[in-house]
Amino acid sequence: HELGYHPHVTLGKFDSTEEARHWKAELEQYWVPVTFTVQDLALIARAGETPFQTRVRVPLGSALKPQDLVLLEELEAKSGARAFAVGSAMLLGAERPPQSDLDVLLVGPRSREEVF
C-alpha cells in the first residue's frame, strides 16, 4: 500500500512527542493496572469517514468442553504427539452434541503402530 492505507493500531494520538510524554507522566501518577480476560478480538473497518464497524470477531482460547481438553492432554501425554480436535469439535466447540464423537488428529514422529 504505497500511497494507501497502512494497517496499524492507534494507542494514542498527540501533536508532539513532548505532549505524549507529558500525558504519560500525568497518567502514571494514578495509573492502576487492570486485569481482564479477552474472549475475542474484534476486527474493525470503515469506508471513508463513516464510523468504524466490527467486521469479524475472532474467538481467542478454546471453546472445547473441559472433558475434551482433558482427553487431548491425555492423548498427548501417552502418544508423544500433538493432539488437535477436528471435525465437529473444532466447528462447534462446547456446543458439540454429547452423542457425537471427538475426532482427533495426532501429529508426531512416531509410527501408527507405536502410538496404537
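This report describes the overall form, the nonpolar groups and two residues of a predicted model.

Local features need pLDDT of at least 70 and side-chain atom pairs count only at pLDDT 80 or more, whereas totals for chains, interfaces and linings use all residues. Residues are numbered from 1 along each chain as its sequence is written, and side-chain values use heavy atoms, with hydrogens and water left out.

**Overall form**

The protein has 4 helices and 4 strands, in the order α-β-β-α-β-α-β-α from the N terminus. Helices (H or I, at least four residues) and strands (E, at least two) are DSSP runs, numbered from the N terminus. The radius of gyration is 23 Å, while a compact globule of 116 residues would have a value near 13 Å; the radius is taken over C-alpha atoms, and the globule rule is 2.2 Å times the number of residues to the power 0.38. The C-alpha trace spans about 65 × 35 × 30 Å along its principal axes.

Of the 116 residues, 10% count as buried (under 20% relative accessible area; exposed is over 50%, partly exposed in between; 1.4 Å probe, protein chains only). About 10300 Å² is exposed, and carbon and sulfur atoms supply 58% of that area (Shrake-Rupley method, 1.4 Å probe; for residues, only the protein chains shown count as cover).

**Nonpolar groups**

The largest nonpolar core has 6 residues: Leu64, Leu72, Ala83, Ala85, Ala89 and Leu102. Such a core is a set of buried Ala, Val, Leu, Ile, Met, Phe, Trp, Tyr and Cys residues joined through side-chain atoms within 4.5 Å.

On the surface, Phe14, Trp23, Leu27 and Tyr30 form a nonpolar patch with about 420 Å² of accessible area together. Patch residues have over 30% relative accessible area and no salt bridge, and nonpolar side chains (Val, Leu, Ile, Met, Phe, Trp, Tyr) are joined within 5 Å; a salt bridge is a side-chain nitrogen of Lys or Arg within 4 Å of a carboxyl oxygen of Asp or Glu.

**Two residues compared**

| Residue | Place | Relative accessible area |
|---|---|---|
| Leu27 | helix H1 (residues 17-28) | 41%, partly exposed |
| Ala81 | loop between helix H2 (66-79) and strand S3 (82-86) | 10%, buried |

**Contacts**

Contact means heavy atoms within 4.5 Å. Neighbours within four places in sequence aside, Ala81 is in contact with Glu76, Leu106, Val107 and Gly108. Ala81 and Val56 lie 25 residues apart in sequence and 33 Å apart in space, C-alpha to C-alpha. With the neighbours within four places in sequence again left aside, the core residue Leu102 is in contact with Asp68, Leu71, Ala85, Ala89 and Arg96.

Methods:
Patches are made of residues with over 30% relative accessible area and no salt bridge: like charges are joined within 9 Å, nonpolar side chains (Val, Leu, Ile, Met, Phe, Trp, Tyr) within 5 Å.
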